[in-house]
Amino acid sequence: MIVGPSGAGKTTLLRSIAGLEDLDRGSISLGGKRIDALPAHRRGCAVVFQEPRLLDHLDLLDNVAISLVAQRTPRKERRSRARELIEEVGLGEFAGGGVKGLSGGEQQRAALARALCAEPELLLLDEPLSAVDPNRRSSLMDLILQLQEDRGVTTVSVTHDRAEAAEMGQVIALLIAGTILQSDDPESMFRRPQTERTARFFGLNLIHGMVKDGHLAFEGSEIAVEGPDGEVTLSIRPEAVVIGDGGQVEMTAIEAVYLGTHVRVILKGEQSVLEAHVQAEVSPAVGSKVGVSLPEPQLWRIPAG
Amino acid sequence: MKQPAWRNAAMLAPAVTATVLLFGGALAGAVDQSFTPPLGGGLDSWSLDNWRSVFGDPVFGDALVFTLLTTAMATVLAALLALVIASLMRRGSSAARTAAAFPVPVPHMIVAVVAVLWLAPGGLADRVLGSLPINLVRDQAGLGIVLVYLFKETPFLVLLLLAVMGRRLDEQNEMAAVHGMGRWARLRWVIWPAVRVPLGIGSIIVTAFVFSAFEVPLAVGPNYPPTIGTYALEVTQTDAISGAGEAAAALLVGAAASIAFAVGILALASRQRRSDA
């Protein structure tokens, strides 16, 4: 899973792998074979784009079977194969018709079936959920994961949505300004970032300071920090910040926004600002002073450099 | 939301009415004129004399063949050139597109006159380049006529093609490439289905126009054979009594040929749609 902000180069990377962009330098190998000199149609990759890109003049079966059309597979055979895949992606009732009447989510399912029909060595997904109705996104995501598991096809997917990356990816690579900053399993990316930029992208709070005798001064209190003394940057997830009586330090709630599943609270102290995610029942009033604790096991020291 | 059929029909009614009155009226008038006896008669009298006279005239046969040839050459070459130019220009700037569209609003007659000034023996091209290797004005093969129509009609077809050769077609082309389609397969399955409708409709318009227009053949065409348009013009000028009826009959043959071509193209398109599905 490649994740990164807009303009990071995610789609360019995917298009380069697919053969839709020329490389300025470097090479691309798939299964030990160099593929960067091959044209797009000989690379063994299939792409699900942000938009379904179905062909209006073909019916659903031939749209799904387009890779078999390219291989000159007999019509009956290719349509029978397409029908199986259409059933698999849950579009069986539309198999006999065209593609114009399909909803955005249905069209994207058809695009997924089309990519799988090609039996690619590498499946590339370019933000396949971005144009889909939020209510249908989760079922399409489940379908992609299921098909990926059933078929064991290696998949590279790009998204700007870190939650989607966590849910879909076995390995997440963070791409910013054309450079992969960190590549790891989802939990490590979210809890143990290796750089400040990674921490910021995954929404962690950052606390800067100087460690002396294993302690860091923070808002009039001290935080125990493992490792050598010196300049340090700690990170902590907003969900791990505890608000309530008996907190380590006192901070002011300057913003509280209800987001449906939790409340995002912005806390301001003398030297720092923190974000906390809490349940609505314990959300403080804006302007009130609250006790804040940072549980030590949840603090992560970002490696220097 | 889908509009009910009656509402679509009601919205199209003004355009359909104007078309029926203008073109249907003219066509009906020509049919009436072609069956009117050359020496007049009562309101109920009609005759086939004009038709007999036209089909009995060997000049008309030559005009029909010559018109068919120049029209076919102009239409096919304009369509092929338009495809090539539109493919090259699809990623071009808007300035380039505007420049390419420049000949569209210029009247045919002006282009024909400029062609005479430049290409006739002793014309500007002769003076600049010495002498041209082939004669393009008043040539027997009608190359001058075809050249003028290519200059006029190719940009018109290019405009129609560029309208469908946008980003969407690029995206579909990429989709086909990453699903294993090579250049020729993409041309067959992606590009051609997108361009064939505007190209077909544009070609029908070009054919209908070239088949019956007279000003370009009059300016740059040979003295003999005439085209159907110039034949019709000549008979009205040489025979004041029966000329109008014969001209109407000759032009109706041209109209029939254009309609037959249109029907043929539409039938071909429908057959190809069925074979795609």
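1. S221(A) and its surroundings. In this predicted model, S221(A) touches Q248(A) and V249(A), leaving aside residues up to four places away in sequence. S221(A) belongs to strand β11 of chain A. Because 15 or 16 neighbours would fall between the limits of 12 and 20 that separate exposed from buried residues, the class of S221(A) follows directly: it has 16 C-beta neighbours inside 10 Å and counts as partly exposed. A separation of 39 residues in sequence lies between S221(A) and G260(A), and their C-alpha atoms are 33 Å apart in space.

2. The sheet that contains β11(A). Five strands of chain A form an open sheet in the order β11-β10-β9-β12-β18, with antiparallel pairing. The edges are taken by β11 (221-224) and β18 (300-301) of chain A; each has a single partner strand, so one side of each lacks a neighbour in the sheet. At the β18(A) edge, strand β12 (residues 230-236) of chain A pairs with β18(A) in the antiparallel sense over two bridges. Within that pairing, R301(A) of β18(A) is the bridge partner of L234(A).

3. T252(A). This residue is found in strand β14 (residues 249-258) of chain A. Is T252(A) buried or partly exposed? T252(A) counts as partly exposed, since it has 15 C-beta neighbours inside 10 Å. With residues up to four places away in sequence set aside, T252(A) touches L267(A), K268(A), G287(A) and K289(A). The C-alpha atoms of T252(A) and A285(A) are separated by 9.5 Å, although the two residues stand 33 residues apart along the chain.

4. Strand β5 of chain A. Four of the five residues of β5 (residues 122-126) of chain A are buried, so this strand is largely enclosed by the rest of the structure. It has parallel partners in both β4(A) and β6(A). Strand β4 (residues 45-48) of chain A is joined to β5(A) by four bridges, and V47(A) stands opposite L124(A) of β5(A). Strand β6 (residues 154-159) of chain A is joined to β5(A) by five bridges; here L123(A) stands opposite T155(A) of β6(A).

5. Domains of chain A. The domain assignment divides chain A into domain 1 (2-191) and domain 2 (206-301). Their C-alpha centres lie 40 Å apart. By residue number, the reader may place β4(A), at residues 45-48, within the bounds of domain 1, 2-191, and β12(A), at residues 230-236, within those of domain 2, 206-301.

6. The nonpolar core. In soluble globular proteins, nonpolar side chains tend to be buried together. The largest nonpolar core in the model has 140 residues, and V64(A), L161(B) and A250(B) have the most contacts inside it. Helix α7 (residues 143-164) of chain B supplies the largest share of this core, 10 residues. Domain 1 (2-191) and domain 2 (206-301) of chain A each contribute at least three residues to the core. A250(B) touches V54(B), F60(B), I228(B), Y231(B) and A232(B), not counting residues up to four places away in sequence.

7. The contact between the chains. Contacts link 18 residues of chain B with 21 residues of chain A. On the chain B side, the elements that give two or more residues are α8 (167-178), α9 (183-212) and α12 (243-276). The greatest contribution comes from α8(B), with seven residues. Sorted by class, this side of chain B has 10 nonpolar, four polar and four charged residues.

8. Fold and extent of chain B. The secondary structure of chain B consists of 12 helices and zero strands. The C-alpha trace of chain B spans about 70 × 65 × 30 Å along its principal axes. Of the 277 residues in chain B, 33% are buried. Among contacts in chain B with a separation of 6 or more, 71% are between residues 24 or more positions apart.

9. Confidence. Chain B averages a pLDDT of 87, and 96% of its residues score at least 70. Which element of chain B has the highest mean pLDDT? That element is α8(B), at 94, whereas helix α6 (residues 124-129) of chain B has the lowest, at 79. The helix with the highest mean pLDDT in chain B is also the one that gives the most residues to the side touching chain A. For the complex, the predictor gives an ipTM of 0.85 and a pTM of 0.78.

Notes. Residues numbered from 1 in each chain as written. Chains lettered and ligands numbered in written order. Predicted model: local features only at pLDDT ≥ 70, side-chain atom pairs only at ≥ 80, totals over all residues. Core = buried A, V, L, I, M, F, W, Y, C linked by C-beta atoms within 7 Å. Domains from an automatic or database assignment. Contact = placed C-beta atoms within 7 Å. Nonpolar A, V, L, I, M, F, W, Y, C, P; charged D, E, K, R; others polar. pLDDT = per-residue confidence, 0-100. Pairing = 2+ DSSP bridges.
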